[in-house]
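Q: Please take a close look at one part of this model, the place where two neighbouring helices meet, and tell me what else one of them helps to form.

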Amino acid sequence: MEDTNQVLRAINGDDEAFLSVIHTHKLALYKTALAYLKNEEEAIEAIQEVTFRAYRNIHELRKPAYVKTWLIRIMINYCQNHLKKSRRTLYNDDLLLRQGKSDDYTYIELEEAMSKLDDDLCELLYLKYFHGLKIKDIAVMWKCPEGTIKTRLRNALRLLRSMLEEKGGKRSV
């Protein structure tokens, strides 16, 4: 649980408190950036840019309890804009080599299937299952009812399951 006092101090201009908040959420930001950009160097650059943007706009954060959601939203927006500008897909060679050494290609198949989903559905799956955000928090972030999020999530899982079954994948989605 986020220390609300720390976030409030950051909003009021305390640089140490801001750095503490960023440090608390840096892994979630890194995972988000890596999931979108598929490149370690670009993910690190994205964290730097998002840290700057968050620092510049921390006073706009309305609810301190949602600081993680707010930071991840900034990261997602940055990554989507970056990908639009570059119009390229990068694969992390180290990840592919590590995955190639084992006979379990589940992660690669899952990434491939998710890349074929609509951007919104893919983002929803990342937020829910890779970051562990609650449906309520995603609904607040996306400014729509929880029921809509649940429906979209169910549809995304159904599509993902059917794509994996077509490839002969496991039915554990």
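**Where α7 meets α8**

A: The crossing of α7 and α8 is right-handed (the near helix is turned clockwise from the far one by less than a right angle). This is a predicted model, in which local features need pLDDT of at least 70 and side-chain atom pairs pLDDT 80 or more, while totals for chains, interfaces and linings use all residues. Residues are numbered from 1 along each chain, and side-chain values use heavy atoms, without hydrogens and water. The axes (lines fitted to C-alpha atoms over the stretch in contact, with angles from 0 to 180 degrees between N-to-C directions) of α7, residues 119-130, and α8 come within 10 Å and cross at roughly 140°. That makes α7 oblique to α8, a word for angles outside the ranges under 35, 65 to 115 and over 145 degrees.

In contact (heavy atoms within 4.5 Å), Asp120, Glu123, Leu124, Leu127 and Lys128 of α7 meet Ile135, Ile138, Met141 and Trp142 of α8. The residues of this contact divide into six nonpolar, no polar and three charged.

Helix α8 (135-142), a DSSP run of H or I with at least four residues, also supplies at least two residues to the lining of the second largest pocket, as do α3 (40-57) and α4 (67-86). A pocket is an open set of points on a 1 Å grid where a 1.4 Å probe fits, with protein on both sides within 12 Å along at least five of seven lines, and lining residues have an atom within 4 Å of a point. The largest share of that lining, five residues, comes from α4.

Terms used: Ala, Val, Leu, Ile, Met, Phe, Trp, Tyr, Cys and Pro count as nonpolar, Asp, Glu, Lys and Arg as charged, and the others, Gly among them, as polar.
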